[in-house]
Amino acid sequence: MSALPEMLDDPFEQFQAWFQEASASEPSDPNAFTLATASADGFPAARTLLLKGFDDAGADPRGFVFYTNTLSRKGDELRANPKAAMLFFWKSLARQIRIEGLVQPATLAEADAYYATRPRISRLGAWASDQSRPLPARSVLEARLAEAEVKYPGEDIPRPPYWSGYRLVPERFEFWQNMPYRLHDRVLYTPDDAGGWTTGKLFP
């Protein structure tokens, strides 16, 4: 059997360690993750997003930040049911991390700061797209993008009020490492009563 990976006591620090390794080995978008949400009646939906920040120490609350159109399907579902799950899978390392918790809005300052770093065409696209809503034809999107380019000809493009961020505040982490013969290693972190984390193993 292969040696098991050493695991840290703090799941945020453990995430940071694995994320750094993935950033060095994964050929494309090591910050990609699957976000699962559910509507008020419990019907699930999942899609792939990019992680844009996480609070690994000293923040209150500590969490994982992503950005989107808040009027999209995922935004609608998070308003109705502010619970979600993230799944990071790094094939190059044969590892995955599952994170579950409550979701809250990122601060407006955070949203403004990240929005300003986006390419100009992406910032204009946020104005042009009614994300997740029916699109009669691609030409409609292209026309709306052209209108936004006329309206905002320079780099000073304000953040749309419906485009912002969310922070998933974890209540559960699971770190999964592929092992031979499908005898995988699974480590679960859950909060303890002292404000720390309890760790345990799960059957593969």
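# Close-up views of a predicted model

Along the sequence, the protein chain runs in the pattern α-β-β-β-β-α-β-β-α-α-α-β-β-β. The model is predicted. The legends below begin with the whole chain and then go to individual sites.

**Figure 1. The whole protein chain, with five helices and nine strands.** Taken along the principal axes, the C-alpha atoms fill a box of roughly 60 × 35 × 35 Å. The chain has 204 residues, and 41% of them count as buried. The chain exposes about 11400 Å², of which carbon and sulfur atoms supply 55%. Among contacts between residues at least 6 apart in sequence, 63% join residues at least 24 apart.

**Figure 2. The largest pocket, with about 380 Å³ of space.** This pocket is lined by 15 residues, and those closest to its centre are Y67, T68, R118, Q131 and W163. Strand β2 (44-50), strand β4 (64-69) and helix α4 (120-128) each supply at least two residues of the lining. Which element gives the most to the lining? Strand β4 does, with four residues. Sorted by class, the lining has seven nonpolar, five polar and three charged residues. Rolling a probe the size of a water molecule over the atoms shows where empty space is left.

**Figure 3. The salt bridge between the side chains of R167 and D55.** The N to O distance in this pair is 2.7 Å. R167 belongs to strand β7 (residues 163-177), whereas D55 is in the loop between β3 (53-54) and β4. The two residues are 112 apart, and the pair links distant parts of the chain. Are R167 and D55 buried or exposed? Both R167 and D55 are buried. A search of the whole structure finds 16 salt bridges, including this one.

**Figure 4. The salt bridge between the side chains of D112 and R159.** Here the N to O distance is 2.6 Å. D112 is part of helix α3 (residues 108-117), and R159 is in the loop between α5 (138-151) and β7. This pair also links distant parts of the chain, with the two positions 47 residues apart in numbering. D112 counts as partly exposed, because its relative accessibility is 40%. R159 has a relative accessible area of 17% and is therefore buried.

**Figure 5. The salt bridge between E174 and R186.** The closest N and O atoms of the two residues are 2.7 Å apart. E174 lies in strand β7 and R186 in strand β8 (residues 185-191), so the salt bridge ties together parts that are 12 residues apart in sequence. E174 counts as buried because its relative accessibility is 3%. A separate view of charged residues would show R47, R73 and E77, which salt bridges with shared partners join into one network.

**Figure 6. The cis peptide bond between D60 and P61.** Omega of this bond is about 0 degrees. P61 is placed in the loop between β3 and β4. D55, the partner of R167 in Figure 3, is in the loop between β3 and β4 as well. Most residues other than glycine have a negative phi, and most peptide bonds are trans.

**Figure 7. A94, a residue other than glycine with a positive phi.** Phi of A94 is near 55 degrees. A94 is found in the loop between β5 (83-90) and β6 (95-105). Why is A94 classed as partly exposed? A94 is partly exposed because its relative accessible area is 24%, and the class covers values between 20% and 50%. Leaving aside neighbours within four places in sequence, A94 is in contact with W176, Q177 and N178. Q177 is 83 residues from A94 along the chain, and the C-alpha atoms of these two residues are separated by 6.3 Å.

**Figure 8. S132, which has a positive phi although it is not a glycine.** Phi of S132 is about 80 degrees. S132 is found in the loop between α4 and α5. S132 counts as partly exposed because its relative accessibility is 47%.

Note on methods. Residues numbered from 1 in each chain as written. Predicted model: local features only at pLDDT ≥ 70, side-chain atom pairs only at ≥ 80, totals over all residues. Heavy atoms only, no water. 1 Å grid on protein atoms, 1.4 Å probe; cavity = no way out; pocket = protein on both sides within 12 Å on 5 of 7 lines; lining within 4 Å. Points joined across faces, edges and corners; volume = space filled by probe spheres on them. Nonpolar A, V, L, I, M, F, W, Y, C, P; charged D, E, K, R; others polar. Buried < 20%, exposed > 50% of the residue type's maximum accessible area, 1.4 Å probe, protein only. Contact = heavy atoms within 4.5 Å. Areas by Shrake-Rupley, 256 points an atom, 1.4 Å probe, with all protein chains shown as cover. Salt bridge = Lys/Arg side-chain N within 4 Å of Asp/Glu carboxyl O.
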